[in-house]
Amino acid sequence: MLMLAKVALGFSAAMAAAGVYVFHEGVIRVDVDEHRAEGSHVHFWVPATVVATGLHFVPPGKMRDAAAKVRPYLPVLREVSKELQKYPDAELVEVENSQDHVRVAMVSGKLRIDAVSEDGDVVHISLPAQVLSDVADELEAKAPGV
């Protein structure tokens, strides 16, 4: 019985360590609500680590093509991702008219995009600024000549 308790404790510690690693960069959150007949309601949270890890599984040819297409924008993406991390709480853009409202801000180190349309459709996206750096790093590694 004591051996079973030790195994359970070891397994629990390993799962806790894995959970800490997976969530160490934060969570990407996407919420979409369409307020109309048969509208969609999509809500999901994904560990941000999945993006960096997932980029390693993109077929090399597809990654090279994507990197070649965004090559002119990589220096800008690199600088924006660095600068956003310096401003953990800042409003970047807010546009509001009689029909729609869009807000882009850094909130607690996460890039947050909130949009509400005239129809009442709501979109909220939140992702850690570190994710942008991870994507820029991976694309730079695959885009020769940058």
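In this predicted model, 6 strands form an open sheet with antiparallel pairing, in the order β2-β1-β6-β5-β4-β3. The edges are taken by β2 (41-47) and β3 (90-96), and each has a single partner strand, so one side of each is left without a neighbour in the sheet. From one strand to the next, the twist averages 5°.

Strand β1 has β2 on one side and β6 on the other in the strand order. The pairing of β1 with β2 is antiparallel and comprises 7 bridges. Within this pair, Asp 33 has His 41 of β2 as its bridge partner. The pairing of β1 with β6 (residues 122-128) is also antiparallel, and it extends over 5 bridges. Here Asp 31 is bridged to His 124 of β6, and Val 32 stands opposite Val 123 of β6. Strand β1 is mostly covered, with 5 of its 7 residues buried.

The loop between β1 and β2 contains Glu 34. With a relative accessibility of 23%, Glu 34 counts as partly exposed, because the buried class is reserved for values under 20%. Apart from its neighbours within four places in sequence, Glu 34 is in contact with Gly 39, Ser 40, His 41 and Asp 121. Of these contacts, Asp 121 lies 87 residues from Glu 34 along the chain, yet the C-alpha atoms of the two are separated by 4.5 Å.

At the other end of the strand order, β3 and β4 pair in the antiparallel sense over 6 bridges. A hairpin of 4 residues joins β3 to β4. Across this pair, Val 93 stands opposite Val 104 in β4. The loop that follows, between β4 and β5 (110-116), contains Ser 108. Most residues other than glycine have a negative phi. Ser 108 is not a glycine, but its phi is positive, at about 55°. Ser 108 is also exposed, since its relative accessibility is 59% and the exposed class begins over 50%.

Helix α5 packs on the sheet, where it touches β1, β4, β5 and β6. The direction of α5 makes about 70° with that of β6. The helix has 14 residues and reaches 21 Å from its first C-alpha to its last, close to the 20 Å expected at 1.5 Å a residue. Its buried residues are Ala 129, Val 131, Ser 133, Asp 134, Ala 136, Glu 138 and Leu 139.

The largest nonpolar core has 10 residues, namely Ile 28, Val 30, Ala 48, Leu 84, Val 104, Met 106, Leu 111, Leu 127, Ala 129 and Val 131. At least two residues of this core come from each of β1 (27-33), β4 (101-107) and α5 (129-142). One of the core residues, Ala 129, touches Leu 84, Gln 85, Met 106, Gly 109 and Lys 110, when residues up to four places away in sequence are not counted. A second core, separate from this one, has 6 residues, among them Met 63, Ala 67, Leu 74 and Leu 139.

Helix α5 also packs against helix α3 (residues 60-70), at an angle of about 100° and with the two axes 8 Å apart. Angles of 65 to 115 degrees count as roughly perpendicular, and α3 and α5 are therefore roughly perpendicular to each other. At this packing, Met 63, Arg 64, Ala 67 and Val 70 of α3 meet Glu 138, Leu 139 and Lys 142 of α5. Of these residues, Met 63, Ala 67 and Leu 139 belong to the second core.

Two residues of helix α4 also have contacts with residues further along the chain. Ser 81 is located in α4 (residues 74-86). Its relative accessibility is 0%, so Ser 81 counts as buried. With residues up to four places away in sequence left out, Ser 81 touches Leu 132 and Ser 133. Arg 78 is found in α4 too, and with a relative accessible area of 13% Arg 78 is buried. Beyond its neighbours within four places in sequence, Arg 78 is in contact with Ser 133, Ala 136, Asp 137 and Glu 140. Ser 133 thus appears among the contacts of both Ser 81 and Arg 78, and Ser 133 is itself one of the buried residues of α5.

Key: Residues are numbered from 1 along each chain as its sequence is written. This is a predicted model: local features need pLDDT of at least 70, side-chain atom pairs count only at pLDDT 80 or more; totals for chains, interfaces and linings use all residues. Side-chain values use heavy atoms; hydrogens and water are left out. A nonpolar core is a set of buried Ala, Val, Leu, Ile, Met, Phe, Trp, Tyr and Cys residues joined through side-chain atoms within 4.5 Å. Buried means under 20% relative accessible area, exposed over 50%, partly exposed in between (1.4 Å probe, protein chains only). Contact means heavy atoms within 4.5 Å. Two strands pair if DSSP finds at least two bridges between them. Axes are lines fitted to C-alpha atoms, for helices over the stretch in contact, and angles run from 0 to 180 degrees between N-to-C directions. The expected span of a helix is 1.5 Å times one less than its number of residues. Angles under 35 degrees count as roughly parallel, over 145 as roughly antiparallel, 65 to 115 as roughly perpendicular and the rest as oblique.
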